[in-house]
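Here's a quick tour of a protein structure for someone just starting out. Keep the 3D view open and look up each residue as it comes along.

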Amino acid sequence: CSTGIPFDGGLRCLCWKILLNYLPLEKALWSSLLKKQRDLYSQFLKEMIIQPGIAKANLGVSREDVTLEDHPLNPNPDSRWNTYFKDNEVLLQIDKDVRRLYPDMAFFQRPTDYPCLLILDPQNEFETLRKRVEQTTLKSQTVARNRSGVTNVSSPLKTTPSSLSEYEVLPNGCEAHWEVVERILFIYAKLNPGIAYVQGMNEIVGPLYYTFATDPNSEWKEHAEADTFFCFTNLMAEIRDNFIKSLDDSQCGITYKMEKVYSTLKEKDVELYLKLQEQNIKPQFFAFRWLTLLLSQEFLLPDVIRIWDSLFADDKRFDFLLLVCCAMLTLIRDQLLEGDFTLNMRLLQDYPISDVHLILKKAKELQDS
């Protein structure tokens, strides 16, 4: 796997599921485990999207009566409404981010062949995530406070929500791949309140979902959503410390890892290391994004997927990522040694080499030396 998995026959999807500890090594256990996990995911959808949606439809529309035990203005932290509004804030942030996923590719805007029937059945009277986003966006748009505290209500018909223009919402009964990704992230945020949703997680879930949703084996492809959810959860369990701000300076946090890139570079190429130090180019200026997002922002999606073959296959779990970052630096060492601060920052922020095979080969050499 570390030398690149062939796409044919859904081999990559299978290997990633094993490497991310979703599938056990014992092949006989696969079908029962997959059934159990996929049923569990349906259960999550029912509890976290469908039930609140039904409650909102029953309670919210017909009777927002303040005498009810629970009402929209209830300050009690246990109030269901309170949770509902908090969830909406998270949902809006996710929505904004997933609409921007890989804008240079049509894939995420295309309809999935397997829309979630639990949620999209036209008979459903409950509120879906799609409706929630539309209503919340409209509410926050029509009510704009000006400085003197007077609320000005503009006509919702005249303003087109800017966020909706990025990815069009498909007609009822269809849903785009980005909406599936939105649901995965929303469920993850609900189940992991300690970290909830942090910007950038969309960039981690995107390549996983793309890989599973393009699986040539239609039996597996049909369950791309549930399988992506569990693989994403397992992957986040390994890298979530990078997303937790309070751990930044601890030994498991991102600062330590960024410094490790520089200490590895010092070992492998002291001249380049000293040059970057002298120009006061700190690793957080570029390595923060490289490490946190597993390089998903630096390359085109097929290349990201190829890099992830090597990263997931790394038994030391992401030590290889540090070497890939070092390889990226040493491959442009001549330009960096010649450049000034501004030029070098531009090189590092917008990495110039697109041949990931060259980068991985270099990283392997660094590993072997």
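Let's start with one residue: Asp-39 is partly exposed, with a relative accessible area of 41%. Asp-39 has a salt-bridge partner, Lys-35, and we'll get to that pair shortly. Before that, bear in mind that you're looking at a predicted model.

**The Asp-39 and Lys-35 pair**

- The closest N and O atoms of the salt bridge between Asp-39 and Lys-35 are 2.6 Å apart.
- Both residues sit in helix H2, which covers residues 30–61, and because they are 4 residues apart there, about one helical turn separates them.
- Is Lys-35 buried or exposed? With 52% relative accessibility, Lys-35 counts as exposed, while Asp-39 falls in the partly exposed class.

**The whole chain**

- The protein chain has 369 residues, and 47% of them count as buried.
- If you sort the chain into secondary structure, you get 17 helices and 2 strands.
- Take the contacts in the chain with a separation of 6 or more: 73% of them are between residues 24 or more positions apart.
- The accessible surface of the chain adds up to about 18,900 Å², and carbon and sulfur atoms own 54% of that.

**Other salt bridges**

- How many salt bridges does a search of the whole structure find? The search turns up 16.
- One of them joins the side chains of Arg-12 and Asp-309, at 2.7 Å from N to O.
- That pair links distant parts of the chain, with Arg-12 in helix H1 and Asp-309 in helix H13, 297 residues apart.
- Arg-12 counts as buried at 10% relative accessibility, and Asp-309 is buried too, with a relative accessible area of 0%.
- Another salt bridge brings together the side chains of Glu-175 and Arg-183, at 2.9 Å from N to O.
- Here Glu-175 is buried at a relative accessible area of 2%, and Arg-183 counts as buried at 5%.
- There's also a network: Lys-17, Arg-38 and Asp-227 are joined by salt bridges that share partners.

**How H1 meets H13**

- When two helices pack, people describe them by the angle between their axes and the distance between those axes.
- For H1 (residues 11–19) and H13 (residues 301–312), the axes come within 10 Å and cross at roughly 35°.
- This crossing is left-handed.
- Which residues of H1 take part in the meeting with H13? They are Arg-12, Trp-16 and Leu-19.
- On the H13 side, look for Ile-305, Arg-306, Trp-308, Asp-309 and Phe-312.
- Sorted by class, this contact has 5 nonpolar residues, 3 charged ones and no polar ones.

**More about H1**

- The buried residues in H1 are Arg-12, Cys-13, Cys-15, Trp-16 and Lys-17.
- What do the buried residues of H1 pack against? Their neighbours are helices H7 (201–213), H8 (218–221), H9 (224–239) and H13.
- After H1 comes Asn-21, which has a positive phi near 60°.

**Two loop residues with positive phi**

- Tyr-102 isn't a glycine, yet its phi is positive, near 40°.
- You'll find Tyr-102 in the loop between helix H3 (80–98) and helix H4 (117–120), and at 9% relative accessibility Tyr-102 counts as buried.
- Ala-196 is not a glycine either, and it has a positive phi of about 55°.
- Look for Ala-196 in the loop between helix H6 (177–191) and H7.
- Why does Ala-196 count as buried? Its relative accessible area is 19%, and buried means under 20%.

**A buried loop residue: Phe-286**

- Where is Phe-286? Phe-286 lies in the loop between helix H11 (270–278) and helix H12 (287–292).
- Being in a loop doesn't put Phe-286 on show: at 2% relative accessibility, Phe-286 counts as buried.
- Leaving out residues up to four places away in sequence, Phe-286 touches Tyr-262, Ile-281, Leu-329 and Leu-348.
- Phe-286 and Cys-325 are 39 residues apart in sequence, and their C-alpha atoms are 9.9 Å apart in space.

Methods. Residues numbered from 1 in each chain as written. Predicted model: local features only at pLDDT ≥ 70, side-chain atom pairs only at ≥ 80, totals over all residues. Heavy atoms only, no water. Axes fitted to C-alpha atoms, helices over the stretch in contact; angles between N-to-C directions. Left-handed = near helix turned anticlockwise from the far one by under 90°. Contact = heavy atoms within 4.5 Å. Nonpolar A, V, L, I, M, F, W, Y, C, P; charged D, E, K, R; others polar. Salt bridge = Lys/Arg side-chain N within 4 Å of Asp/Glu carboxyl O. Buried < 20%, exposed > 50% of the residue type's maximum accessible area, 1.4 Å probe, protein only. Areas by Shrake-Rupley, 256 points an atom, 1.4 Å probe, with all protein chains shown as cover.
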